[in-house]
Amino acid sequence: MGHILYGSVAPVVNKSDDDWYGVAAQVGTFTNKRAARTDIVSVVSTTAGMGAPACFIPSLAEMHINTSVVNMGDPEKVDMTDRLWLLEHAPAVGACTHEAAHARHTHWDPRELMEVYGATRKMIDVITTLEEPRIEAQAIRLHPESRPYLRGCAMEIVGRDFKIGDSKYGAATAAGLLLARVDAKVLTAAEARTFRTAIRKVLGDDVLAALKPLWQRFLRLRDRDYEGMVDVAREWLEALDEDPESTDDMAGESMMGEPLPGGAGEGEGEGDGSEGEGESKAAKGFGGKIMGKVAEAEVKMDGEIVEAAGDERGERRAAERKVDAERRREAEREHKESFGKVSGGLHGYSPDGFAHYLGSRKPTDDERRAAKRLARTLEQIDYRDRAVSKVNTMVPPGRLRGRMAVQADALVEKGQDASGIEVWSGKRRKRVDSTPLTIGFAGDISGSMGAAMDPLSSAQWVVSNAGAHIDAKVAAAHFGDDVQAVTPRGVREKDVRQFYPGGGSEDIKGALLALDRELNLLDGSGARLLFIASDAHYVLAHQMDYAQRFMPLAKRKGVAVIYLQFTDSMNPSGVAGAKTLDCRRKTPAEVAAMCGKAAVAELRRLDQRV
């Protein structure tokens, strides 16, 4: 079956696989937006596609993607709003973009064209051919950024869905599929030169010159100008001296979702005259040759996509380095105002030297047991960092090495072997031994946390002592109107300290930056945890904005963030998707068990990035 099924089609598979429903929703949103529609339903599964890797079914308004053929990666990591993801999965994106173009611009039904406008099956075949560059021209006009994805997809569709015969009609089909894409702005004239030479040898200059204005006219037709489409198809066949009733060399039959009226025409099997012999001699082997050139073009375009993805990664790394540098400057200021006042070799530190300090008590037996239990759980964490090494290879993926590519081309031109030239450079990631655990603890001391101060203090003591048991790096900071560095790195909390929640706002940004600088939390190595004891009601807009931006940053940097809920009110907007543990009315041992289990699970999930 083809990538689009015209006519009436009975559904075979109409639901996505369980793990892919979220991806199906993204594909549906992407397709509907590009198609300027709201009714398209996407089906993403290992059995979708009606026999093709991807297809659009107009009669059902369904977009199918077969995940056993089309690589979309991990369904949990699909993000069709992320340009880098789109480039890394260009074949899937190209399929969605092409099918969305059909959904927006292809409205004709083959039976209607035959019954109302007098088209024959052969004319339908011509229209099917010319519709491909027409809808891509419209797609690029409306979404110029889609061109890189459509280029590779176009070559794949030509190679898979169309049958190019060893005849003048086959050469004309190739012209409609390949040369017309130059006028559609999908291919460049230079890229089409090799196709044009092969096509001209079969058709001759006069016939090719007669076909060019016809495909250019077809590209300009409105979506519902069915009469114009049939007229172009009729003139196309006249230019080729083809019998419109013939069904020889049909190129796009695989895209018909139902049998069409009409059988084999009277012209079948003809071609015994001298002209026919000349034509067959010139066209001998044409289909195989042109498909070989299409395959070469597809490889080249795949290389362009790989290079574009490499450029995107480079730009992102540069932007990230700039943002990281600014973050470190800010963190230095925040650290100086908090930890910097108490961590000068720890000589100036006093556990009760804080304005919001109320007093302290000895830990209970339950808290001591909780600390030991949490330590045992955290000790089981087997988190391995990613080591990145640069390698040169002869095949993708990676970045194309221009100098090596030129050298390889030069050797090929001389007839020499270029198979040993490593024209691609890339990065390979591998696991390395795990490094010590790092734990940050941020406690909210604003007024809304009044009822939570006792369990917060208990949890802070448990985390500090659990970390000390396993030689983890631990630090704690409180945030209200300002940041208080209550436990610098290297200090073990002896008593359970109690604090007053008198803050009128929450300086979550300052606390996170200060902890980041104290522990090298975001840029460090090994397993890194951050517990935030807060209701996430950040009253200042810029603090809420930073809290929301910090979560994806922490995930990208490999830091597991866990919110501890001690109050009845929790703001999901402030949590921003981080793991949240309901610690209300729980004993210290229960809180410790929940923290340990969540820490192991979150770090294991992050460890899967390797």
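## Reading burial, salt bridges and backbone angles

Q: What relative accessible area does Arg 556 have, and how is that value to be read?

A: Arg 556 has a relative accessible area of 45% and is therefore partly exposed, as buried means under 20% and exposed over 50%. This value, like the others discussed here, comes from a predicted model.

Q: With which side chain does Arg 556 meet in a salt bridge?

A: Side chains of opposite charge can pair when their charged atoms come close. Here the partner of Arg 556 is Glu 320, with a distance of 3.6 Å from N to O. Glu 320 belongs to helix 12 and Arg 556 to helix 17, so this salt bridge ties together parts that are 236 residues apart in sequence. Glu 320 is partly exposed, at a relative accessible area of 27%.

Q: Which residues are linked with Glu 320 and Arg 556 in a network of salt bridges?

A: The network also includes Asp 324, Arg 327, Arg 328, Asp 516, Asp 523 and Lys 557. Within this network, Asp 523 forms a salt bridge with Arg 328, and their closest N and O atoms are 3.0 Å apart. That pair links distant parts of the chain: Arg 328 is in helix 12, whereas Asp 523 is in the loop between helix 16 (508–519) and strand 12, 195 residues apart. Both partners count as partly exposed, Asp 523 at 28% relative accessibility and Arg 328 at 40%.

Q: How many salt bridges does a search of the whole structure find?

A: The search finds 36 salt bridges. One further example is the pair of Asp 568 and Arg 584, whose closest N and O atoms are 3.4 Å apart. Asp 568 lies in the loop between strand 13 (559–565) and helix 18 (572–575), and Arg 584 in the loop between strand 14 (579–582) and helix 19 (588–607), so the pair ties together parts that are 16 residues apart in sequence. Asp 568 counts as exposed at 58% relative accessibility, while Arg 584 is partly exposed at 22%.

Q: Which residues gather in a patch of positive charge on the surface?

A: The patch is formed by Arg 368, Lys 372, Arg 373 and Arg 376. Arg 376 is part of helix 13 (residues 365–379). Its relative accessible area is 52%, and Arg 376 is therefore exposed, the cut-off being over 50%.

Q: Is Thr 438 buried or exposed, and which residues is it in contact with beyond its neighbours within four places in sequence?

A: Thr 438 has a relative accessible area of 2% and is therefore buried, since this falls under 20%. The residue is found in strand 8 (residues 438–444). Beyond those sequence neighbours, Thr 438 is in contact with Lys 473, Leu 519, Leu 521, Ala 527, Arg 528 and Leu 529.

Q: What separates the C-alpha atoms of His 335 and Leu 515?

A: Their C-alpha atoms are separated by 7.6 Å, although the two residues are 180 residues apart along the chain. His 335 lies in helix 12 (residues 286–337) and counts as buried at 8% relative accessibility.

Q: Where is Ala 61 placed, and what is its phi?

A: Ala 61 occupies the loop between strand 2 (54–57) and strand 3 (62–66). Its phi is near 55°, a positive value in a residue other than glycine. Ala 61 is buried, with a relative accessible area of 9%. Ala 536 also has a positive phi, near 65°; its place is in the loop between strand 12 (528–533) and helix 17 (541–557). Ala 536 is buried, at a relative accessible area of 0%.

Note on methods: Residues numbered from 1 in each chain as written. Predicted model: local features only at pLDDT ≥ 70, side-chain atom pairs only at ≥ 80, totals over all residues. Heavy atoms only, no water. Helix = DSSP H or I, 4+ residues; strand = E, 2+ residues; numbered from the N terminus. Buried < 20%, exposed > 50% of the residue type's maximum accessible area, 1.4 Å probe, protein only. Contact = heavy atoms within 4.5 Å. Patch = residues over 30% accessible without salt bridge, like charges linked within 9 Å, V, L, I, M, F, W, Y side chains within 5 Å. Areas by Shrake-Rupley, 256 points an atom, 1.4 Å probe, with all protein chains shown as cover. Salt bridge = Lys/Arg side-chain N within 4 Å of Asp/Glu carboxyl O. Lys, Arg positive; Asp, Glu negative; His and termini not counted. Charge placed at Lys NZ, Arg CZ, Asp CG, Glu CD.
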